[in-house]
Amino acid sequence: MDFTIDVFKKLDKDWALLSAGTVEDHNAMTVSWGGMGTLWGKPVVTVYVRPNRHTYGYIEENELFTLSFYPEQYRKALGVMGSKSGRDCDKDALAGLDPIPAGESVSYRQAEVTLVCRKLYFNDLVEENIPADILKTFYDPEPIHRMYIAEVVDIIKNEA
């Protein structure tokens, strides 16, 4: 698998969609926190999801999820995917995104690149291990994130 990306810019500044489920039953959310690297001799991504997010249940229930990246023209769509809940509306339709199969998971036709990921490890962040200023800024009153580390098992590049 050959893949090069400016992970700091792509996640923090450009954002990505974290999706889980199938084309028929899925949810996705915009993410800007995460990482990419190598663990246990495998290419991996690390993502963080709060348990109150609708996508959390989909990631918990499925072995695979996707992390997908989009051209700048979809910035508004990613904003919709990050600000609306799939519990309350059809986010895909509101954002104008078309779900497609990505291996045994789901991504979107508009994605430039989709990483298909298999969960290897998860754990909830430990409140006692987080500095007080970060707790106050990011977790008062929000719940603590669950961290997922997943092997990148496929990279799908949209040639369009």
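This is a short walk through one protein structure, as spoken at a group meeting.

Hi everyone, thanks for coming. Before anything else, please keep in mind that this is a predicted model. I'd like to go from the strands to the helices, then to the pockets, and finish with two single residues.

Let's start with strand S5. How many of the residues of S5 are buried? Six of its six, so you can call this strand mostly covered. The cover is on both faces. On one side we have Leu-64, Thr-66 and Ser-68, on the other Phe-65, Leu-67 and Phe-69, and all of these are buried.

Now for the partners of S5. S1 and S5 run antiparallel and are joined by three bridges. Within this part of the model, Ser-19 sits opposite Thr-66 of S5. S5 is also joined to S8, again antiparallel, by six bridges. If you want one pair to click on there, take Phe-65, whose bridge partner in S8 is Cys-117.

There is another antiparallel pair to show you, made of S6, residues 99-102, and S7, residues 105-108, with four bridges between them. Pro-101 stands opposite Val-106 in S7. The hairpin has two residues between its strands, and for those of you who like backbone torsions, Gly-103 there has a positive phi near 65 degrees.

On to the helices. Helix H2 covers residues 54-61, and its buried residues are Thr-55, Tyr-56, Tyr-58 and Ile-59. Looking down the axis of H2, these residues fall within an arc of 165 degrees, so they line one face of the helix. And what do the buried residues of H2 pack against? Strands: S1 (16-21), S2 (26-31), S4 (42-49), S5 (64-69), S8 (113-124) and S9 (146-157). So S5, which we just saw covered on both faces, is on the list of strands that the buried residues of H2 pack against.

Helix H3, residues 75-83, can be read in a similar way. Its buried residues are Ala-77, Leu-78, Val-80 and Met-81. Around the axis they cover an arc of only 155 degrees, which puts them on the same side of H3. Turn to the face away from that buried side and you find the exposed residues Lys-76 and Ser-83. The cover over the buried residues of H3 includes H1, S1, S2, helix H4 (91-95) and S7.

Now the pockets, which I suspect some of you have been waiting for. The largest pocket has a volume of about 250 Å³. Its lining is made up of Trp-15, Met-29, Thr-30, Val-31, Ser-32, Trp-33, Tyr-48, Val-49, Arg-50, Arg-53, Gly-82 and His-145. Which strand gives the largest share of that lining? That would be S2, with three residues. S2 and S4 each supply at least two. By class, the lining has six nonpolar, four polar and two charged residues.

The second largest pocket has a volume of about 180 Å³. It is lined by 13 residues, and those nearest its centre are Phe-3, Met-36, Pro-43, Val-152 and Ile-155. Strand S3 (34-39), S4 and S9 are the elements that give two or more residues to this lining. S4 gives the largest share, three residues. The class split of this lining is 10 nonpolar, two polar and one charged.

Finally, two residues I'd like you to look at. The one to begin with is Glu-151, in strand S9. Is Glu-151 buried or exposed? Its relative accessible area is 19%, and the cut-off for buried is under 20%, so Glu-151 counts as buried. Setting aside neighbours within four places in sequence, Glu-151 is in contact with Lys-42, Pro-43, Val-44, Val-116, Cys-117, Arg-118 and Leu-120. You'll remember Cys-117 as the bridge partner of Phe-65.

Then there is Met-1, in the segment before helix H1 (7-14). Met-1 is exposed, at a relative accessible area of 62%. Even so, leaving out neighbours within four places in sequence, Met-1 is in contact with Pro-43, Val-152, Val-153, Asp-154 and Ile-155. Met-1 and Val-153 are 152 residues apart along the chain, and their C-alpha atoms are separated by 8.8 Å. Pro-43, Val-152 and Ile-155 also came up a moment ago, among the residues nearest the centre of the second largest pocket.

That's my tour, and I'm happy to take questions.

How values were computed. Residues are numbered from 1 along each chain as its sequence is written. This is a predicted model: local features need pLDDT of at least 70, side-chain atom pairs count only at pLDDT 80 or more; totals for chains, interfaces and linings use all residues. Side-chain values use heavy atoms; hydrogens and water are left out. Buried means under 20% relative accessible area, exposed over 50%, partly exposed in between (1.4 Å probe, protein chains only). The arc is that of the directions from the helix axis to the C-beta atoms. Contact means heavy atoms within 4.5 Å. On a 1 Å grid over the protein atoms alone, a cavity is a set of points where a 1.4 Å probe fits but cannot get out, and a pocket is an open set with protein on both sides within 12 Å along at least five of seven lines; lining residues have an atom within 4 Å of a point. Grid points are joined across faces, edges and corners, and a volume is the space filled by probe spheres set on the points. Ala, Val, Leu, Ile, Met, Phe, Trp, Tyr, Cys and Pro count as nonpolar, Asp, Glu, Lys and Arg as charged, and the others, Gly among them, as polar. Two strands pair if DSSP finds at least two bridges between them.
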